[in-house]
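Reader: I would like a close look at the side-chain contacts in one part of this model. Please keep the account plain.

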Amino acid sequence: MSRKIKLIWDFRGEVAAKTAEHHEIHLKEYIAIENFPINITGFEVLNEMYAIAFMVVTDENMIQVRDALKPHRGELFE
């Protein structure tokens, strides 16, 4: 079984929440275009000046997504 990796994009500033929400739309579009087996995305508002968008990928797809979409960081997804 492959590990799942949560790729994360950080957004800061007054419009961080809206930017993260909008970025998730593009992540969903990318998943549909590439036909990935996992369809887990989301965004979280951590405070009024900081939000994240994320996408979960498998080990096999991580390099491709990293190179194409340039996430800021990643972590293992349970």
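Which side chain meets Lys-28 in a salt bridge?

Author: The model is a predicted one. In it, the side chain of Lys-28 meets that of Glu-24 in a salt bridge, with an N to O distance of 3.7 Å. Both residues belong to helix H1 and are 4 residues apart, so about one helical turn separates them. The two partners differ in their surroundings: Lys-28 is partly exposed, at 43% relative accessibility, while Glu-24 is buried, with a relative accessible area of 11%. The cut-off for buried is under 20%, and the value of 11% puts Glu-24 in that class.

Helix H1, which covers residues 16-34, contains another such contact. Glu-21 and Lys-18 form a salt bridge with 3.9 Å from N to O. That value can be set against the limit of 4 Å used for a salt bridge. Here the spacing is 3 residues, so this pair too is separated by about one helical turn. Lys-18 counts as exposed, at 60% relative accessibility, and Glu-21 counts as partly exposed, at 35%.

In general terms, side chains of opposite charge can pair when their charged atoms come close. The whole structure has 6 salt bridges, and one of them joins Arg-3 to Asp-59, with the closest N and O atoms 3.2 Å apart. Arg-3 lies in the segment before strand E1 (4-12), whereas Asp-59 is in helix H2 (residues 59-69), so this salt bridge ties together parts that are 56 residues apart in sequence. Both ends are partly exposed: Arg-3 has a relative accessibility of 48% and Asp-59 a relative accessible area of 30%.

A charged side chain also meets a ring. Lys-6 lies over the face of Phe-54, at 4.4 Å from the ring centre.

Ring-to-ring contacts are a separate matter. A pair of aromatic rings is described by the distance of the centres and the angle of the planes. The count for this model is 1 aromatic pair. The pair consists of Tyr-30 and Phe-36, with 5.8 Å from centre to centre and 55° between the planes. Planes under 30 degrees apart would count as stacked and those over 60 as edge-to-face, so an arrangement at 55° is classed as tilted. Tyr-30 is buried, with a relative accessible area of 12%, and Phe-36 is buried with a value of 12%.

Note on methods:
Residues are numbered from 1 along each chain as its sequence is written. This is a predicted model: local features need pLDDT of at least 70, side-chain atom pairs count only at pLDDT 80 or more; totals for chains, interfaces and linings use all residues. Side-chain values use heavy atoms; hydrogens and water are left out. Rings of Phe, Tyr and Trp (its six-membered ring) pair if their centres lie within 6.5 Å; planes under 30 degrees apart count as stacked, over 60 as edge-to-face and the rest as tilted. Buried means under 20% relative accessible area, exposed over 50%, partly exposed in between (1.4 Å probe, protein chains only). A charge sits over a ring if NZ of Lys or CZ of Arg is within 6 Å of the ring centre and within 35 degrees of the ring normal. Helices (H or I, at least four residues) and strands (E, at least two) are DSSP runs, numbered from the N terminus.
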